[in-house]
Amino acid sequence: DGLVVSEKEKSNDIDGTIPESELEAEEKGTEEEHPRQSDSNILDISSEYPRDKHISIQRHLADLEKLADLREDQRKPCPLCPEEKFKACYSHKLHRHLQNLHWKVSVEFEGYRMCICHLSCRPVKSNLAGDQTLSKMGAHYHCIICSATIIRRTDMIGHINRHVNKGETESRFITVRSPKSSYKVVKESATDVQVLPNHSTPQKTDSYFNPKMKLNRQLIFCALAVLAGERKPIECLDAFGATGIMGLQWAKHLRSSVKVTINDCNENSVTMIKENCRLNKMKVKLNIREEDKVETGGNGEENSDTIEVTKMDANVVMHLRSFDFIHLDPYGSSVNYLDSAFRNVRNLGIVSLTSTDISSLYAKAQHVAFRHYGCNIVRTEYYKELAARIVIAAVTRAAARCNKGIEVLLAVALEHFVLVVVRVLRGPTPADDSAKKVRYLLHCQWCEERVFQKESNMVEENPYQQLPCDCYGSMPGKTAVLLGPLWSGALFNTGFLRRMLLEAMQYGLDEAQSLLKTLVSEAECTAPKHLSTHSPADESKQEESGVYIRTPNTSAESCLVHGKRKSEEVLRSAAKRQRPEHSAEHPPFYYNIHRHSIKGMNMPKLNKFLNYLSEAGYRVSRTHFDPMGVRTNAPLAQFKTVLMQYSTPTYVGAQAEGPVQLPGEIHVGEEVPAGTAIKVEEAELVEDDKRGVATAVFTQSYPTHCAAD
C-alpha cells in the first residue's frame with residue numbers, strides 16, 4: 001500500500017504540468033482508466049524510453065517483464081492486457097505470455113518493438129446493454145511516430161513505411177524532412193536530382209523517379225528540341241514535376257530556346273524540385289514578380305538559368321496560362337487533364353502525354369478502359385497498337401471540344417508506358433477532319449483479321465462483308481467483335497521523326513536513336529533494302545543491324561524557322577514540309593509471325609520473310625510494338641500463303657530454307673485444287689537408346705487414288 005501511495009503522489013506531481021483541458025478529460029474518464037492506474041504509473045517510472053511513448057513500445061522483452069516486476073505480489077498481471085483477459089500469474093507463465101502473444105507479433109522500427117496491445121486504448125463497439133466492459137476488447141498497435149492505433153500488423157507495417165517515405169521520423173505529428181545523408185543523388189543526361197530511397201514506389205513517396213522511363217524522357221526531349229528549332233523561345237510546361245528531372249534536362253540542354261515551368265501540387269515535391277534546381281545551378285522563379293535569391297555558381301544568362309516552379313493543380317495552371325509545349329505524365333490515366341491541356345495551348349504547339357495505366361490499355365482490365373476511355377477492347381495480337389489508338393482517340397475528342405484538330409507526330413507503346421505526341425491545329429475544319437478519323441474496328445476472333453468500319457451513317461445489313469476473311473460463313477455463331485472507337489489515321493510523321501533522330505544524334509541519346517530508327521522505317525513501311533543510301537560520305541547515315549536509314553541534313557534544315565514567332569502561314573508551310581515523301585500512310589496494325597505460323601513447319605527468318613513479302617509487291621516493315629510483328633498491307637490470306645511457301649518441314653535432312661514445292665506447282669495467289677490434300681503432322685521424335693540420337697518421322701497423306709495405285 002505504501003508503494004501505491006508513493007506512486008500516486010508522484011503521478012500527481014507529474015500531472016501538475018498537464019493543461020487543464022487534459023485534466024478535465026481525465027476526470028471524466030476516471031472510472032474507465034481505473035484498471036490502468038498502475039500502468040500509467042509504470043509508464044512514468046520507466047526511464048529507458050521517453051515518457052510520451054506508449055508502454056507497448058519497448059526495446060527488449062525484458063523491459064516488458066520489468067514493468068510487471070514492479071508489483072511486489074508473487075502473482076503479476078500483464079502490463080498490456082486487462083484483468084478480464086489475462087489474470088495475474090507467476091513469472092514463468094507471464095514470460096511465456098509476453099513472448100508468445102505480444103513480442104512475437106510485434107513490429108520493429110529503429111531498434112524498438114511495437115507490441116500488440118489489448119488495453120482499452122482503442123474505442124470498441126458496445127453491446128446491446130451499452131456496457132463496453134463486457135464487449136470484446138480490440139487488439140491493436142500504437143504507432144511510434146504518431147498517436148494512431150491500428151488493428152492489423154500488415155497495416156501497421158504499411159503505416160510505418162509511409163511515415164518513413166515522407167521523412168516523418170519524429171513523434172507526436174512533428175513532420176521533418178529526412179537528413180541530407182538519407183537522400184540519393186541520381187544522374188541522368190548530365191542532370192543530377194535528389195530522390196528518397198523509395199523513389200520507385202509512386203504510392204508511397206513524393207519524389208517518384210523511375211529509371212525505366214529514361215527512354216520516355218529522351219523521346220520527349222527530342223520532340224521539344226525539334227519544336228525549339230522551329231520557333232524560339234517557347235514556353236514549355238512539365239505539369240507533373242515530381243523530382244523535376246525532365247524540366248531540368250530541358251533547361252540545361254536547350255537553355256535560352258525554352259522557358260521551363262515545372263509544376264506539382266505536392267508541397268514536398270515542390271521543395272525537392274527547388275533543391276534539385278540549386279543542385280544543378282539553376283535559379284528558381286517562384287512566380288512572375290518574385291524570384292529566389294540563390295547563387296547559381298555561374299555567370300549564365302537570366303532566362304537560360306531560370307526555372308519557374310509552381311505549386312498548383314495541373315488543370316488550374318493550364319487554364320491560367322498558355323504554353324507552346326505541354327507534357328502530361330500523371331500516375332495512371334491522363335484523360336482528366338486533356339480538356340485543360342487543349343484549352344490554352346498555342347497554335348501549332350505540341351502536347352505530349354504518357355499513360356502508365358497499361359493494365360486497362362492492354363486489355364487486362366477491360367471495364368476500366370471502358371470507364372476511362374469509353375472504348376470496348378479485347379486482348380488481340382496487336383494490343384499495343386490498339387492501346388496507342390485508344391489514347392489518340394481520347395486526345396482527338398478532347399481537342400475537338402476546344403475547336404482544335406491534331407496531327408499525330410509519334411505514338412509509342414512499350415512495356416511500361418504509352419507515349420503520344422501530337423501537334424495542335426486550331427480551327428473547326430481541322431477539328432472536324434480529326435474527328436472523322438475516330439472509327440470503330442471490326443475484329444475477327446477466329447483468324448485475327450481486322451478492318452476499320454466504313455465512314456457512313458447508314459446501317460449496314462451484314463457488317464461481316466467488310467472483313468476480308470470468310471470465317472462468318474464457315475464458322476458457327478458470331479465470329480467478329482466491334483472494338484473502339486479508335487484512331488484510324490497515321491501514327492507517325494516521318495519528317496518529324498527524322499528531325500528527332502538528328503536531335504538524338506546531336507545530344508548523344510543512344511537509347512532514343514535505336515528506337516527512332518525503327519520508327520522511321522515503320523513510318524515509311526518499306527523493306528530494309530529501300531532504306532539504304534548509296535552515298536558513303538553522308539554524315540547523317542546511320543546503320544543498325546545491317547540496315548542503313550537515310551537522315552538527310554537538308555530535310556531538317558528546311559524545316560527550321562529562325563527568329564521570332566512567324567505568322568501562321570509560315571508555320572503551316574513548315575509543318576507541310578516535314579510530311580513524309582510517301583503520300584500514302586502506313587498500313588494500320590501488324591501481324592505476329594509466330595501467331596500465324598504453320599504447325600510442323602520451320603518459319604523463315606524474319607528479315608528474309610520481309611524480303612519475300614516485298615518481292616510479292618507488298619509494303620512491309622518491322623514494328624516497335626512487337627519484335628516479331630510485321631506491318632504490311634498484304635491481306636492475312638496472302639500473308640499466310642507467303643509464310644507457308646517459304647517454310648520448311650521439321651524433319652531431319654530436310655531441304656535448305658527456301659520455297660516449299662506445293663503439288664501441281666501452285667504459286668502464291670492461286671487456289672489450291674480440291675483433289676489435293678496436304679497434311680503435315682507433328683514430328684514424332686524417337687530417341688535411340690544406344691546412340692541417343694533423335695530422329696524425326698515426317699508423314700504425308702496423298703489423295704486416295706494415288707494410294708490405290
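Two strands are taken as paired if DSSP finds at least two bridges between them, and by that criterion E14 and strand E15, residues 418-426, pair in the antiparallel sense over nine bridges. The model described here is a predicted one. The points below cover an open sheet of eight strands, the helices that lie on that sheet, an open sheet of three strands, and two asparagine residues, Asn161 in helix H7 and Asn216 in helix H8.

**The eight-stranded sheet**

- The eight strands follow the order E10-E11-E9-E8-E12-E13-E15-E14 in an open sheet, and their pairing is mixed.
- At the edges stand strand E10, covering 283-285, and strand E14, covering 404-413, each of which pairs on one side only.
- Neighbouring strands of this sheet are turned against each other by 20° on average, when direction is ignored.
- Within the antiparallel pair formed by E14 and E15, Ala411 stands opposite Val420, the latter being in E15.

**Helices on the eight-stranded sheet**

- Helix H16, made up of residues 428-435, lies across both E14 and E15, and runs at about 45° to E14.
- Helix H18, residues 494-506, also packs on the sheet, where it touches E14, E15 and strand E13 (345-355), and its direction makes an angle of about 55° with that of E14.

**The pair H18 and H19**

- The axis of H18 and that of helix H19, residues 510-524, come within 9 Å and cross at roughly 165°.
- Because angles over 145 degrees count as roughly antiparallel, H18 and H19 are therefore described as roughly antiparallel to each other.
- The crossing in which H18 passes H19 is left-handed.
- From H18, the residues that meet H19 are Thr494, Leu497, Arg498, Met500, Leu501, Ala504 and Met505, and their counterparts in H19 are Ala512, Gln513, Leu516, Lys517, Leu519, Val520, Ala523 and Glu524.
- Sorted by character, the residues of this contact between H18 and H19 comprise 10 nonpolar, two polar and three charged.

**The three-stranded sheet**

- Three strands, in the order E17-E16-E18, form an open sheet in which the pairing is antiparallel.
- Strand E17 (450-452) and strand E18 (480-487) each have a single partner strand and stand at the edges, so one side of each is left without a neighbour in the sheet.
- From one strand to the next, the twist in this sheet averages 25°.
- Strand E16, residues 438-444, pairs with E17 in the antiparallel sense over three bridges, and the bridge partner of Leu441 is Phe452 in E17.
- Helix H15, residues 383-401, packs on this sheet and touches E16, E17 and E18, with its direction making about 50° with that of E18.

**Two asparagine residues**

- Asn216 lies in helix H8, which spans residues 214-230, and is buried, with a relative accessible area of 0%.
- When neighbours within four places in sequence are left aside, Asn216 is in contact with Asp329, Thr354, Phe417 and Leu419.
- Asn161 lies in helix H7, which spans residues 153-165, and is partly exposed, with a relative accessible area of 33%.
- The C-alpha atom of Asn161 is separated by 9.7 Å from that of Phe109, although the two residues are 52 residues apart along the chain.

Terms used: Residues numbered from 1 in each chain as written. Predicted model: local features only at pLDDT ≥ 70, side-chain atom pairs only at ≥ 80, totals over all residues. Heavy atoms only, no water. Helix = DSSP H or I, 4+ residues; strand = E, 2+ residues; numbered from the N terminus. Axes fitted to C-alpha atoms, helices over the stretch in contact; angles between N-to-C directions. Contact = heavy atoms within 4.5 Å. Parallel < 35°, antiparallel > 145°, perpendicular 65-115°, else oblique. Left-handed = near helix turned anticlockwise from the far one by under 90°. Nonpolar A, V, L, I, M, F, W, Y, C, P; charged D, E, K, R; others polar. Buried < 20%, exposed > 50% of the residue type's maximum accessible area, 1.4 Å probe, protein only.
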